[in-house]
Amino acid sequence: MKIAVPRERAVGERRVALTPEAAAALVKAGLTVAVEHGAGEAASFSDQAYSAAGATIASDVAALCGEADVVLKVQRPIAEGGRHEVDLLREGSVLVGLLDALTQPDLVRRLAARRITAFGMEGVPRISRAQKMDALSSQANIAGYRAALIAAQALPKFFPMLMTAAGTVFAARVLVIGAGVAGLQAIATARRLGAQVWGYDVRPVVKEQVESLGAKFLAFDLGVSDAEDRGGYAKALSADASRKQQEMLAEKTKDFDVVITTAMVPGKRAPRLITKETVAAMRPGSVIVDLAAESGGNCELTTAGEVVVAHGVSIHGPVNLPASMPVHASQLYARNVTELLNAFVKNGALAIDLADEVIAGACVTHAGEVVNEAVKAAMATGTSA
């Protein structure tokens with residue numbers, strides 16, 4: 001079986017789907033691995049390292065993908081130079097990547113039309129057996145870490161308390177909204193930097209996790225009894241609960257130097273948590289880092305990929321933060337991908353069992369059909385972009 005790893009073509013993407021270490025493991029397992037020339041260069045993995053791992057290096061991406069049984073990517077396929085990456089794939093082959101299938105109906109239709117068996121890493125279910133395949137968590141961990149560093153660099157104050165001959169500098173006050181993987185890592189990193197940290201999440205069940213990191217938990221009574229879905233993500237709130245949440249956050253955020261927001265709902269627009277009026281009430285010099293910028297932003301004034309300054313508050317809307325740490329991001333992602341491969345490659349051959357919970361969650365298209373129930377529902381209701 002031939003595994004191909006093309007160079008990522010999305011703007012700003014520095015990760016690669018397979019590291020030399022992961023490639024060596026697949027070669028040892030009897031698979032053939034081919035990597036496009038320079039595919040790992042932006043992540044500091046040379047062609048020589050892949051060759052030493054037993055992979056071959058290819059210069060012609062069309063031939064590389066056209067001959068492969070399985071193509072591994074980080075980002076979803078895109079059009080480049082008048083041709084679409086999907087059209088390079090051999091009909092009947094397998095594609096694995098972060099496809100964002102819930103919001104990409106045109107891509108899903110194209111994959112089905114080409115009879116590609118496509119696995120979206122974002123669809124791997126959050127069950128114990130699939131933890132090693134959970135790319136959303138491995139990459140969100142990096143995003144949370146980087147968010148805290150961005151805030152610390154942008155804030156015109158120290159994070160830790162300092163006692164000097166010139167007087168005492170009090171620790172910065174940081175609020176992290178959303179206590180998923182990214183939020184918990186942001187809390188942990190801000191704590192390590194010495195800040196006073198509070199965490200907030202609509203799911204009261206995460207209170208213990210927040211406090212275990214040394215932070216305090218900000219609790220609001222929104223009158224919501226069931227705020228968590230089956231996958232462990234926060235559910236979208238009703239209009240009344242959302243308005244109440246905005247009002248309560250507005251009352252609290254003005255007391256903080258830094259607000260890091262991480263609230264997202266898979267396949268939907270990010271919840272609006274911080275209004276422009278809330279920003280106006282914050283102290284000049286305060287910093288907001290909005291990790292939901294790519295899905296609409298948790299802050300009303302966020303612009304994806306930019307830093308906006310309003311009322312003296314800087315609002316950062318970083319995009320694709322995992323790509324800013326491509327070495328470790330690629331290492332973690334490669335382990336996730338390799339584990340998923342193990343779920344549908346048996347004895348060197350494809351063994352795709354759609355009755356398997358992991359396969360059913362991640363598989364988007366197969367044999368010319370859209371087979372993922374969540375993706376089909378999004379396409380049928382028009383909730384996908």
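Trainee: Which residue stands opposite V289 in β17?

Mentor: H316 stands there. This is a predicted model, in which local features need pLDDT of at least 70, side-chain atom pairs count only at pLDDT 80 or more, and totals for chains, interfaces and linings use all residues. Residues are numbered from 1 along each chain as its sequence is written, and side-chain values use heavy atoms, with hydrogens and water left out.

Trainee: What makes β15 and β17 a pair?

Mentor: Two strands (DSSP runs of E, at least two residues, numbered from the N terminus) pair if DSSP finds at least two bridges between them. Strand β15 (residues 287-290) and strand β17 (residues 313-316) have 3 bridges in the parallel sense, so they qualify.

Trainee: Where do these strands sit in their sheet?

Mentor: They are neighbours in an open sheet of 7 strands, with the order β13-β12-β11-β14-β15-β17-β16 and mixed pairing. Strands β13 (216-218) and β16 (307-310) are the edges, each pairing on one side only. From one strand to the next, the twist averages 20 degrees, on a scale of angles from 0 to 180 degrees between N-to-C directions of axes fitted to C-alpha atoms.

Trainee: Why are β3 and β21 said to stand at the edges of the other sheet?

Mentor: That open sheet has 8 strands in the order β3-β2-β1-β4-β7-β8-β20-β21, again with mixed pairing. Both β3 (56-58) and β21 (369-370) have a single partner strand, so one side of each lacks a neighbour in the sheet.

Trainee: How do you know that β2 is a partner of β3?

Mentor: Strand β2 (residues 32-36) joins β3 in the parallel sense over 3 bridges, so the requirement for pairing is met. V35, for instance, has I57 in β3 as its bridge partner.

Notes
Helix = DSSP H or I, 4+ residues; strand = E, 2+ residues; numbered from the N terminus.
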